[in-house]
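Please look through the sequence and the model shown here, and then follow the paragraphs below from one element to the next.

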Amino acid sequence: MKHPDLYRGEEVVVLGLAKSGVQVAKVLHEHGAVVTVNDKKERDQSPEASELEALGISVICGGHPDGLIHEGISLVVKNPGIPYSAPPVQQALALGIEIVTEVEVAYRLCAAPMIGITGSNGKTTTTTWVGRMLEAAGMKPIVAGNIGTPLSQAAQDADEDNWMVVELSSFQLKGTESFRPKVGCLLNVAETHLDYHGDMDDYVASKAKLFANQGPEDTAVLNWDDPVCRGLVPYIKAGILPFSMTEELVQGIFVRPSYVPDTEDDLQRVIVYRDYTESETEIAAVDSIGLPGRFNVENALAACGIAIAAGADPAVLGGVLASFRGVEHRLEYVAEKGGAAYYNNSKATNSKATAMALGSFKQPVVLIAGGLDRGSDYMELLPVLGGVKALVALGQTKDKLAGVAQLAGVKAVISVDNGESAAAVLQEAVREASALAEAGDVVLLSPACASWDMFTSYEERGRIFKEAVHNL
């Protein structure tokens, strides 16, 4: 979908000077819009402002002035993290002004077909995997979105023979209107981001917007083992390509023989694609996948389904499954110290992600967890914490997590808070974990929480963890 003159002469307000806001402001300006960028941060905290002003874009810092939002504005492009309760957003809603995120603008200006990938867990791994698969199939992918490169920036460089492979958050999808991916994938749904969405209904509805504008010629790739994903089927008009770990599907991507909960996975398992004619292709043996963990098998199934839906030859996918070694901060092997293996899973910002990570190891695990308190009780971790050797808890949720660990019968539970910097607290947590770990154990940073109580991002948290491990 490409409308190069869509915004020419239109007055647009961009809320937020983050990376995506800066880029979408530039793109809109290039397309002839009259752009004003607004950020509540002070000017000295907004180094991007001078760059935009040099292009002729108006920038207002230090708050939201009266008159910023008025009837002459055609569009408000909101940073995904800005809540809908923010005053300028409320003013725009009251005036009936369209409010979107950068993803919607990029879609309207992009010539290439899009693949949209969302879910509570596994988005970045799956998105990266799909990009590699389409490269192997000679399909000229461009990987962008929540994964790093703003979509509006990548969309500028895309032609009709490219494929945009886009990682999408619920925040981004909530602010879409006409966005229509040729292939959309919902990986899974877990309780998260309720501080932003308010309740699970709004969170699921935001994820489901991925499919809202699809038609019969598009494809929805769905996790058939996730009841929320499966429950969306009656509302989806696209053709559905399911994937499953536990069911041999009439059509779709599945594992044969299927995984059975609470049993040892010692049988030779194969990823199979069965098309609508019931013709089958064996893609790869599960034990050939280059990433550990059952949840990465699920990500692999999704990636295969997406690539096949886009037109990739199933025969090229097995090699990519074997060669891919993962993404930083996602069950990333760090080092061996004293015979124990250290893994960085800082991207695990909810309980389900941590539960999935713990299920990846048969060795005893010393778990480092804790972070921003978003109101969860973490009881979802109770069944898996019973197999944990020790817990080192930190951050706002340390007491909650320690309580669940004690209920689960974890013998060693330590809370870390020395009153110093965030880095010092995490470094102390690593030292405590190393003292508890023995040869053959795993020390796993998998916080089950967002990082913002102590760190600027999960990436910063992961890097400090890795540095602390290397310094042991």
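What follows goes from one helix to the aromatic pairs, then to charges over rings and to salt bridges.

This is a predicted model, in which local features need pLDDT of at least 70 and side-chain atom pairs count only at pLDDT 80 or more, while totals for chains, interfaces and linings use all residues. Residues are numbered from 1 along each chain as its sequence is written, and side-chain values use heavy atoms, with hydrogens and water left out.

A starting point is helix α3, which spans residues 87-95 and whose buried residues are Pro-88, Val-89 and Ala-92. Here buried means under 20% relative accessible area, exposed means over 50%, and partly exposed lies in between, with a 1.4 Å probe and protein chains only; helices (H or I, at least four residues) and strands (E, at least two) are DSSP runs numbered from the N terminus. The three buried residues lie on the same side of α3, because they cover an arc of only 100° around the axis, the arc being that of the directions from the helix axis to the C-beta atoms. These buried residues pack against β1 (11-15), β4 (75-78) and β5 (98-100), where contact means heavy atoms within 4.5 Å. Just after α3, Gly-96 takes a positive phi of about 75°.

Aromatic rings come next. A search of the whole structure finds four aromatic pairs; rings of Phe, Tyr and Trp (its six-membered ring) pair if their centres lie within 6.5 Å, and planes under 30 degrees apart count as stacked, over 60 as edge-to-face and the rest as tilted. One of the pairs is formed by Tyr-107 and Phe-179, which meet edge-to-face at 5.4 Å centre to centre with 80° between the planes. This pair links distant parts of the chain, with Tyr-107 in helix α4 (residues 102-109) and Phe-179 in the loop between α7 (170-174) and β9 (183-186), 72 residues apart. Both Tyr-107 and Phe-179 are buried. The rings of Trp-129 and Phe-324 have centres 5.1 Å apart and planes at 45°, so this pair is tilted. Trp-129 lies in helix α5 (residues 123-136) and Phe-324 in the loop between α12 (317-323) and β15 (332-337), 195 residues apart, and both are buried. Elsewhere, Tyr-333, Tyr-343 and Phe-361 form one aromatic cluster.

Rings can also have a charge over them, which requires NZ of Lys or CZ of Arg within 6 Å of the ring centre and within 35 degrees of the ring normal. The charged end of Arg-269 sits over the ring of Tyr-259, 4.4 Å from its centre, and Lys-347 lies over the face of Tyr-458, at 5.3 Å from the ring centre.

Which charged side chains meet each other in salt bridges? The search of the whole structure finds 22 salt bridges, each being a side-chain nitrogen of Lys or Arg within 4 Å of a carboxyl oxygen of Asp or Glu. Among them, Glu-438 and Lys-389 meet at 2.7 Å, N to O. Glu-438 is in the loop between α16 (422-436) and β20 (442-445), whereas Lys-389 is in strand β18 (residues 388-393), 49 residues apart. Lys-398 and Asp-417 also form a salt bridge, at 3.7 Å, N to O. Because Lys-398 lies in helix α15 (residues 398-407) and Asp-417 in the loop between β19 (412-415) and α16, the pair ties together parts that are 19 residues apart in sequence. Lys-398 is buried, with a relative accessible area of 17%, whereas Asp-417 is exposed, with 53%. Finally, Arg-180, Lys-182, Glu-217 and Asp-218 are linked in a network of salt bridges.
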